[in-house]
Every structure is written in C-alpha cells, then in structure tokens.
Amino acid sequence: MHVELTEEQEMIRAMAREFADKEVRPIAAEIDRDARFPRETVRRMGALGLLGMTIPPAYGGSGADAVSYVVAMEEIAKACASHAVILSVNNSLYCEPVYKYGSEEQRQRLLVPFVTGEKIGCFALTEPQAGSDATNQTTLAVRAGDHYVVNGRKVFVTSGRESSAALVFCQTDRGQGHGGISVLIIESGTPGFLVPKVEEKLGLRASDTAEFLFEDCRVPVANRLGDEGLGIKIAMSSLDSGRIGIAAQALGIAAGAYELAVAYARERRSFGVPIGQHQMVQWMLADMATAIDAARLLTLRAAALKDAKKPFGTAAAMAKLFASETAMKATTDAIQVHGGYGYIKDFQVERYFRDAKITQIYEGTSQIQKLVIARSLLGGA
Ligand code: CAA
C-alpha cells in the first residue's frame, strides 16, 4: 500500500500539530487533573474544521478524506487523548451517520451546527445490560402520533453531558429483536431526557462520560434517523468508521508516550551515561517504535480502504485492536523508561498510561475486535 501522504494530507497534519502543540498540550495536564471539559479548545477545533472533517463543505465540513482524519487525530491524541475522543465521537459517531442517513432538513438542523463547533453530539448505544452485546437494546420508543415516547437508560455516553444532541438507539418494535432497533436524535433539554450521573474515571478525565435516563421523553418523529428498524445497521456501520478514529487516537497516545520516553532516555544518566545507551532501554524503545509504525500502517490502510469505498470493517477492527494493544504496551514501557519519575505526575507519561486503557475497551473491546476479525475470516462457518 502507498503510504506517502499527499500535500493536502501533510498540510492537515501540520495544522493539527501546530494547534495541538500551541493550544492543547499546554492545558492537557490541568484539564486531566481538574476533570474539566475543554469547551474553548473544542470550539477552536470546530473553527479549524476538525469537528466535521469528512463532511462536505456544503454542510460546513472540511470535505477531507479518512486518511486526513487519521493524521489529524494522531496529532491531537499525541497532545491530549481527551480532546481526541471528543473529536472522534463528534466526527465518526455523530456527524457521519447524520450526514449519511439524515434527510436534508435533518442535515441543516442537526448536522451543520455540530460541524462548526457551535454544538457537539454524542452516540448513546450502551445500556447497563447491553455492552458488547449491543444488539440487546431495551430502551423503548413507542410511537404516539407524530412523536415517540421514550423510556430507558443509557450508560457510558462519551461527551454525554456536554452534547446538544444524542443518537439514541431504541427498540421501536420489540418483537423484531435487533431488527426492531431504530435511531432517534434526542436533543438536550427535551423534557424527560435526564443526565443523572457523570462518571469519575481512571483516564480521559477531561472528556465527560454520562448516564442518560429517559422518562416518558417525547421525541418528534422528525428526529428519527433513517427508517424504523435500521438502527443496528447504523450503529454497526458507524462503529466501523469509529474504530478507525479510536485506532488513530490509540496510535497518538502511544506515539506521544514514546516521544517522551526517547527525550528522557537522551537526558537521564545512570552508570555514567545517558540511559538510552543501555541496551535494555534501547530494546524497549525499538519495540515501541516498531509497534507504533505497524499500528500507523494498519490505521492508514483502514482509512485508505474507506476512502477507496472498499469494505473496511475488518481492517478497522484490526487497526483498532493492534493500535490499542500497542498504546497500552508503549505507555507501560514509557513509564518503565522513566523509572520512578514515570510514576509521578510531573513527567506526564502516567496520564498517557491511564488514557491508553480505555482504547482496549470502548467502541468494542479487544475481544470483540477479535470476534469481528475471526467472523470475517471464517464467514458463515
Ligand atoms: N455494518 C452493518 N451492519 C452490520 C455490521 C456492520 N459492520 N455488523 C453487523 N451488522 C448487522 C448484521 O448484518 C445483523 O443484521 P441482520 O440480522 O439484519 O443481518 C446485525 O447487525 C446484528 O449483527 P450480528 O448478528 O452479527 O450480531 P451479534 O450480536 O452476533 O454481534 C457484535 C454483533 C459484533 C458483537 C456487535 O454487537 C458489536 O460490535 N459489539 C460491540 C459494541 C460496541 O462496539 N459498542 C461501542 C459503544 S459506543 C462507544 O464506545 C463510543 C465511545 O464511547 C467512544
């Protein structure tokens, strides 16, 4: 596969890197410590065209390709994984499906402000009893004239408290199993749409993770995305794209921790020499660099397949699996290179380590990625 980036893709990388270095990196430790959602820089990401990267300019987006999205995401995640997940969910799990499945009226009303950064959106699929088994949805939406009445609970919704609208997966026909799932776009402030809890987390502390409760929440039929029964297809195809974004996020986390480890290995001395001259440290750095390159290639391949309009779900699952495992290993070793200093907050690598863990869990655990990959290998066998 050709891995040279085009001039335009390189420009997007340079723009994202400059923004990340100047505006994101300086606040990353503080927003992590205070668990503060970075509203200002998220709005700036909208102004820079990072929130609706693959959405056509006619709807306020950048009209960029998936490869550009990956390179921008890597740069943002290198500086701050919380910013990266806000970016990923808004791009892949909110804007893309609203663009792909939305009517013209929905695109104008429920897409454009989410591309410009005026608002952000989220994706509410997981329920207390439906995580990896996402087909097991129980949130109920009962049609009543030109509205649905929604009752149920969603958990672990990334950007849930800060979002102005959520894609909410509901059962509109319980007798149909996963064929009865539909998507409603529910706007914040709709009576009966409550956010009873925001989680305290190990990592990604500047991104909010919320619980939603729907109590007789009346949602206009005009807010249904796609036809009734299309919900699980919308969820699964959106997750195929989302997994490319999370792979790029994991790649950025790994690369960010690796860069810190290399800098430290050049500076820190032991036994009379910089620690980078010790073979056991070199070994760790060489392993990290190799795995990070492999993760980058897998992620770019998945994005390139998407851009070529070829099937990319399996490639996305492979990229997400490998990049997230790499993020966990590289951040663990980056702490090891730093020794005791790696374990304290001043040197930042511990934040990368805490942020890496979730990439093995959300948008499908590593185990689910293996299941998706194996099914594609074996077909119906
Ligand atoms: N594209 C379109 N449709 C797809 C699809 C895809 N990639 N994959 C499956 N489907 C369809 C199937 O065709 C099937 O429909 P039909 O019966 O009409 O053919 C339907 O979806 C159900 O598929 P399966 O029968 O394969 O369902 P399953 O229950 O056996 O397995 C699964 C599905 C792969 C395990 C799936 O549930 C899954 O991916 N689970 C992980 C859930 C997940 O990733 N959650 C992430 C939450 S969001 C999040 O994390 C965001 C965040 O915070 C950052």
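How many helices and strands are there in the chain? In this predicted model, the chain holds 11 helices and 10 strands.

**The whole chain**

Begin with the full chain in view. The radius of gyration is 21 Å, close to the 21 Å that the globule rule gives for 381 residues, so the chain is as compact as a globular protein of that length. Oriented along its principal axes, the C-alpha trace spans about 80 × 45 × 40 Å. Buried residues account for 55% of the 381 residues. Of the contacts with a separation of 6 or more, 73% join residues 24 or more positions apart.

Next, display the surface. The accessible area is about 16,500 Å², and carbon and sulfur atoms contribute 55% of that area. Colouring by charge will show 42 positive and 44 negative side chains; the centres of these two sets lie 2 Å apart.

**The nonpolar cores**

Select Tyr94, Leu167 and Val337. Within the largest nonpolar core, which has 99 residues, these three touch the most other members. Now add helix H7, residues 231-267, which supplies the largest share of this core with 18 residues.

Centre the view on Leu167 and show its surroundings. Beyond residues up to four places away in sequence, Leu167 touches Leu93, Tyr94, Pro97 and Val98, together with Cys122, Phe123 and Ala124. The remaining partners of Leu167 are Val183, Leu184, Ile185 and Leu225. A second, separate core has 18 residues, including Cys122, Val157, Val168 and Val221.

**Leu87 in helix H4**

Move to helix H4, residues 81-101, and pick out Leu87. Is Leu87 buried or exposed? Its relative accessibility is 0%, so Leu87 counts as buried. With residues up to four places away in sequence set aside, the residues touched by Leu87 are Met45, Leu50, Leu51, Tyr69, Met73 and Ile76. For a distance across the model, select the C-alpha atoms of Leu87 and Leu213: they are separated by 24 Å, and the two residues are 126 residues apart along the chain.

**His147 in strand E3**

Strand E3 covers residues 147-158 and contains His147. At 19% relative accessibility His147 counts as buried, because the cut-off for that class is under 20%. Apart from neighbours within four places in sequence, the contacts of His147 are Val142, Arg218, Val219, Pro220 and Val221.

**Helix H10**

Select residues 349-359, helix H10. Here 8 of the 11 residues are buried, so H10 is largely enclosed by the rest of the structure. The buried residues of H10 are Val349, Glu350, Arg351, Tyr352, Arg354, Asp355, Ala356 and Thr359. To see what covers them, show helix H1 (7-34), helix H3 (66-79), H4, H7 and helix H9 (313-338), which are among the covering elements.

**Two loop residues with positive phi**

Finish in the loops. Leu204 sits between strand E6 (193-198) and strand E7 (209-220). Leu204 is not a glycine, yet its phi is positive, at about 45°. With a relative accessible area of 4%, Leu204 is buried.

Lys309 occupies the loop between helix H8 (279-307) and H9. Lys309 is likewise not a glycine and has a positive phi of about 60°. What is the relative accessible area of Lys309? The value is 77%, and Lys309 is exposed.

Note on methods:
Residues numbered from 1 in each chain as written. Predicted model: local features only at pLDDT ≥ 70, side-chain atom pairs only at ≥ 80, totals over all residues. Heavy atoms only, no water. Core = buried A, V, L, I, M, F, W, Y, C linked by side-chain atoms within 4.5 Å. Buried < 20%, exposed > 50% of the residue type's maximum accessible area, 1.4 Å probe, protein only. Helix = DSSP H or I, 4+ residues; strand = E, 2+ residues; numbered from the N terminus. Contact = heavy atoms within 4.5 Å. Rg over C-alpha atoms; globule rule 2.2 N^0.38 Å. Areas by Shrake-Rupley, 256 points an atom, 1.4 Å probe, with all protein chains shown as cover. Lys, Arg positive; Asp, Glu negative; His and termini not counted. Charge placed at Lys NZ, Arg CZ, Asp CG, Glu CD.
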